[in-house]
Amino acid sequence: MRAVLKAMDHVGIPYSDKVNQTKGDLIKSYEILPSGQIDESVMSALKAVWADDGVKECCRRSYEYQLNDSAG
């Protein structure tokens, strides 16, 4: 998800819901705990951002940046 969110800036694709900008910033700055667990607030942000039409568009345009084939 970090790769997609960073690519949105590079490719110039905005979030369809401006509220998701803050959630995307949280995801990009979050460090996974040593236990491998992800904080509940980050999980909620991931779900919201994944449903964003801008994020979906960026995934469709993955030919414009480096994204693993299995990312979806």
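Which residue follows helix 1, and is its phi positive or negative? Here is a short tour of the structure, starting from that spot.

1. **The end of helix 1.** The residue in question is G12, which comes after helix 1 and has a positive phi, near 90°. Please keep in mind as you read that this is a predicted model.

2. **The two sides of helix 1.** Helix 1 runs over residues 2–11, and its buried residues are V4, L5, A7, M8 and V11. Around the axis they span an arc of only 160°, which means that they sit on the same side of helix 1. If you turn to the other side of this helix, you will find D9 and H10, which are exposed. The cover over the buried residues of helix 1 includes helix 2 (19–29), helix 3 (40–50) and helix 4 (53–60).

3. **Helix 3, seen the same way.** In helix 3 the buried residues are V42, A45 and V49. Their arc around the axis is only 60°, so they are on the same side of helix 3. Helix 1, helix 2 and helix 4 are what these buried residues pack against. On the face turned away from the buried side, look for E40 and K47, both exposed.

4. **The nonpolar core.** The largest nonpolar core has 13 residues, and the members that touch the most others are L5, M8, Y15, V49, V55, C58 and Y65. At least two residues of this core come from each of helix 1, helix 3 and helix 4. The biggest contribution is that of helix 1, which gives five residues.

5. **L5 as a way into the core.** L5 is a good residue to click on next, as it is one of the buried residues of helix 1. Setting aside neighbours within four places in sequence, L5 is in contact with Y15, G24, I27, K28, V49 and V55. Among these partners, Y15, V49 and V55 also appear in the list of core residues that touch the most other members.

6. **N20, a buried residue of helix 2.** N20 is found in helix 2. Its relative accessibility is 5%, so N20 counts as buried, the limit being under 20%. Beyond the neighbours within four places in sequence, N20 is in contact with Y15, A48, V49 and D52. V49 is thus a partner of N20 and also one of the buried residues of helix 3.

7. **Salt bridges around K28.** How many salt bridges does a search of the whole structure find? There are three. In one of them the side chains of K28 and D9 meet at 3.2 Å, N to O. Because K28 lies in helix 2 and D9 in helix 1, this pair ties together parts that are 19 residues apart in sequence. In another, the side chains of D25 and K28 meet at 3.8 Å, N to O. D25 and K28 are three residues apart in helix 2, so about one helical turn separates them. D9, D25 and K28 are therefore worth viewing together, as they are linked in a network of salt bridges. As for their surroundings, K28 is partly exposed at 21% relative accessibility, D25 is partly exposed at 36%, and D9 is exposed at 53%.

8. **The salt bridge in helix 4.** The side chains of E57 and R60 meet in a salt bridge of 3.0 Å, N to O. These two residues are three apart in helix 4, which means about one helical turn lies between them. E57 is partly exposed, with a relative accessible area of 28%, whereas R60 counts as exposed at 55%.

9. **K56, also in helix 4.** K56 lies in helix 4 and is partly exposed, with a relative accessible area of 38%. Leaving out neighbours within four places in sequence, K56 is in contact with W50 and A51. K56 and S16 are 40 residues apart along the chain, and 9.7 Å separates their C-alpha atoms.

10. **A nonpolar patch outside.** Which residues form a nonpolar patch on the surface? They are I32, I38 and M43, which together have about 240 Å² of accessible area. M43 belongs to helix 3 and, at 31% relative accessibility, counts as partly exposed.

Technical notes: Residues numbered from 1 in each chain as written. Predicted model: local features only at pLDDT ≥ 70, side-chain atom pairs only at ≥ 80, totals over all residues. Heavy atoms only, no water. Buried < 20%, exposed > 50% of the residue type's maximum accessible area, 1.4 Å probe, protein only. Helix = DSSP H or I, 4+ residues; strand = E, 2+ residues; numbered from the N terminus. Arc of directions from axis to C-beta. Contact = heavy atoms within 4.5 Å. Patch = residues over 30% accessible without salt bridge, like charges linked within 9 Å, V, L, I, M, F, W, Y side chains within 5 Å. Areas by Shrake-Rupley, 256 points an atom, 1.4 Å probe, with all protein chains shown as cover. Salt bridge = Lys/Arg side-chain N within 4 Å of Asp/Glu carboxyl O. Core = buried A, V, L, I, M, F, W, Y, C linked by side-chain atoms within 4.5 Å.
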